[in-house]
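Here's a quick briefing to read alongside the model. Have the sequence and the 3D view open as you go.

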Amino acid sequence: MPRAVTVLLCSLNRTDMTRLSRRLPYSCALIPLVALLAACGADGPTGLKLQATTSTVMQGGSAIAVNATGGRKGDKVSWRLLPGSTGTLTPSSDTRSAIYFPNTAGAAGALSIEATLRSDKETLALQMQPSPASELVASLPQWWQPVTVSGMSGITGEPRGFAPDGAGGYYVSYAAPTSKVVQVKAGGAPVEISALAGYSIIGGTKDGTLYLVQDGASNALTVSKRTPDGKLSVLTRTAQHDGKKASIDGPSGTATAIWTRFTFDSAGNLYALDGSKVRKIAADGAWSTLAGDGCGMGDAPACAAFPAAGKGSGARIGQGAAIAAGTEGTLYVASAGSILKITSAGDVTILAGATSERSDARMIDGAGTDAYFHQPQSLSLDTAGNIYALDYDTIRRITPAGAVSTVATGIGIQQQGHVELSAKRIRMNDDGTLTYLRAVDLRRVKVQ
């Protein structure tokens, strides 16, 4: 077959090839088309296909990324919402993907996105549905106080940590200056645990075991474990921190830390997200740095806007906001709109989220770096290894492969100025529900 004809025919997609073959007599079409397919090889055109990480869009929730494959490099794709579909559809600059933004006031129901590549047309059907309703677990004492700082409304002395009590209720700890711990359950009056005054809950297991931290002067910390029978044991202590210096590794009582968020794995190993470092606390209480370059800590240079993959101190964690432990020593950190995965060897990869600023900087569901986070501030894992992130007022699920989808919206109404109604911490339960903490109550929502 002449080269010019081959090049021309190889530029056709498979639909066009099929139409051409139908116009030719069978005896004329079969051999040339077989030869054509062989000549085009693996680089030949493929049919248009549309992919998204989810088939369900949460009403008023995150946008989703839709990707188109097929044709040849450089082929342009045109996009449109089919009649009856609400929201907006914004193609990327290369047209190979588009972002669908749900209409906040849109009704639940079906919607369709159509893409066209040459003569190929494909439709992606999505289902718009309302966010699952939440239910009250327990009301909380309103010991917090409203404050205004630089014209911004906020609260002080609010609840910040919670964990199960092993008997169907929860322990809840309040920040300074309240510095109290209460035990609450559905329909019951809160009970103050006077022996835990001054402690903050950093986690716990479903049998009622608590992990606690007590702040001293200049960020001197005492981290303790409380068993269900009420016995306290110290796991580690840190010395006072010099704010002009980076945190120091070393034995219990010598190491220093600042800006800490704690987590522990199923084996009871303790970890800390300390500013731009992830640190491990050994069984003897000694601190060591697992990953992170320490940017922005002490006199170190300020952190870049986004984290970066790497190993150990060669990775950039940035200013992390939340940490959670998976299996086999794997950790997950929320930092600057990204979810990082950190292995027990200190290898850091970006599991999901942006690596640079986007012009459409809204929450976007997608796979890997197609996804975009707004303000993730708490993480929790289920038994299948899925990570759940509290992202502003939305619960988003990240699979072990990095696919992000929205599973609940409207978790608090901070955007309306009611800071006391915004969620601060989340915890995944074995029954597929997720419990979240607000200043006024504990609530539960079904996310599986």
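Before we get to the sheets, one working rule: two strands count as paired if DSSP finds at least two bridges between them. By that rule strand 18 (residues 221-226) and strand 19 are a pair, antiparallel and joined over five bridges. Keep in mind that this is a predicted model. Overall, the protein chain carries three helices and 36 strands, and 48% of its 448 residues count as buried.

**The chain as a whole**

- Take the contacts in the protein chain with a separation of 6 or more: 46% of them come from residues 24 or more positions apart.
- The structure also holds four aromatic pairs; in general, a pair of aromatic rings is described by the distance of the centres and the angle of the planes.

**The sheet with strands 16 to 19**

- This one is an open sheet of four strands in the order 16-17-18-19, and its pairing is antiparallel.
- Which strands stand at the edges? They are strand 16 (199-204) and strand 19 (232-237); each has a single partner strand, so one side of each is left without a neighbour in the sheet.
- Ignoring direction, neighbouring strands here are turned by 30° against each other on average.
- Zooming in on the register, Thr-222 has Arg-237 in strand 19 as its bridge partner.
- Strand 18 and strand 19 also make a hairpin, with five residues between them. In that turn, Gly-230 has a positive phi of about 95°.

**The sheet with strands 20 to 23**

- Here is another open sheet of four strands, ordered 20-21-22-23 and paired antiparallel.
- Strand 20 (260-264) and strand 23 (287-291) are its edge strands, and each of them pairs on one side only.
- From one strand to the next, the twist averages 30°.
- Strand 22 (residues 277-281) runs antiparallel to strand 23, and four bridges join the two.
- For a handle on that pairing, look at Arg-279: its bridge partner in strand 23 is Thr-289.

**Nonpolar cores**

- How many residues does the largest nonpolar core have? It has 18, and those with the most contacts inside it are Leu-50, Trp-79, Tyr-100, Ile-113 and Leu-126.
- Strand 1 (46-52), strand 3 (63-71), strand 6 (97-101), strand 7 (109-117) and strand 8 (120-129) are the elements that give two or more residues to this core.
- Strand 7 provides the largest share of the core, with four residues.
- Tyr-100 is worth a click: leaving out residues up to four places away in sequence, its contacts include Val-57, Ala-63, Ile-64, Leu-81, Leu-89, Leu-111, Ile-113 and Met-128. Thr-86, Gly-87 and Thr-88 are also among the residues that Tyr-100 touches.
- Apart from that core lies another, of 15 residues, including Ala-322, Ala-334, Leu-381 and Ile-398.

**Charges over rings**

- Lys-180 has its charged end over the ring of Trp-143, 4.3 Å from the ring's centre.
- Arg-396 does likewise with Phe-373, its charged end sitting over the ring at 4.6 Å from the centre.

**Two residues up close**

- Ser-78 is found in strand 4 (residues 78-81). Buried, exposed or partly exposed? Its relative accessibility is 41%, so Ser-78 counts as partly exposed.
- Not counting neighbours within four places in sequence, Ser-78 is in contact with Glu-114, Ala-115 and Thr-116.
- Thr-95 is 17 residues away from Ser-78 in sequence, and the two are 6.9 Å apart in space, C-alpha to C-alpha.
- Ala-125 lies in strand 8. Its relative accessible area is 55%, and because anything over 50% counts as exposed, Ala-125 is classed as exposed.
- Beyond its neighbours within four places in sequence, Ala-125 is in contact with Ser-55, Leu-111 and Ser-112.
- Ala-125 and Leu-82 sit 43 residues apart in sequence, with 10.0 Å between them in space, C-alpha to C-alpha.

Technical notes: Residues are numbered from 1 along each chain as its sequence is written. This is a predicted model: local features need pLDDT of at least 70, side-chain atom pairs count only at pLDDT 80 or more; totals for chains, interfaces and linings use all residues. Side-chain values use heavy atoms; hydrogens and water are left out. Axes are lines fitted to C-alpha atoms, for helices over the stretch in contact, and angles run from 0 to 180 degrees between N-to-C directions. A nonpolar core is a set of buried Ala, Val, Leu, Ile, Met, Phe, Trp, Tyr and Cys residues joined through side-chain atoms within 4.5 Å. Buried means under 20% relative accessible area, exposed over 50%, partly exposed in between (1.4 Å probe, protein chains only). Contact means heavy atoms within 4.5 Å. Rings of Phe, Tyr and Trp (its six-membered ring) pair if their centres lie within 6.5 Å; planes under 30 degrees apart count as stacked, over 60 as edge-to-face and the rest as tilted. A charge sits over a ring if NZ of Lys or CZ of Arg is within 6 Å of the ring centre and within 35 degrees of the ring normal.
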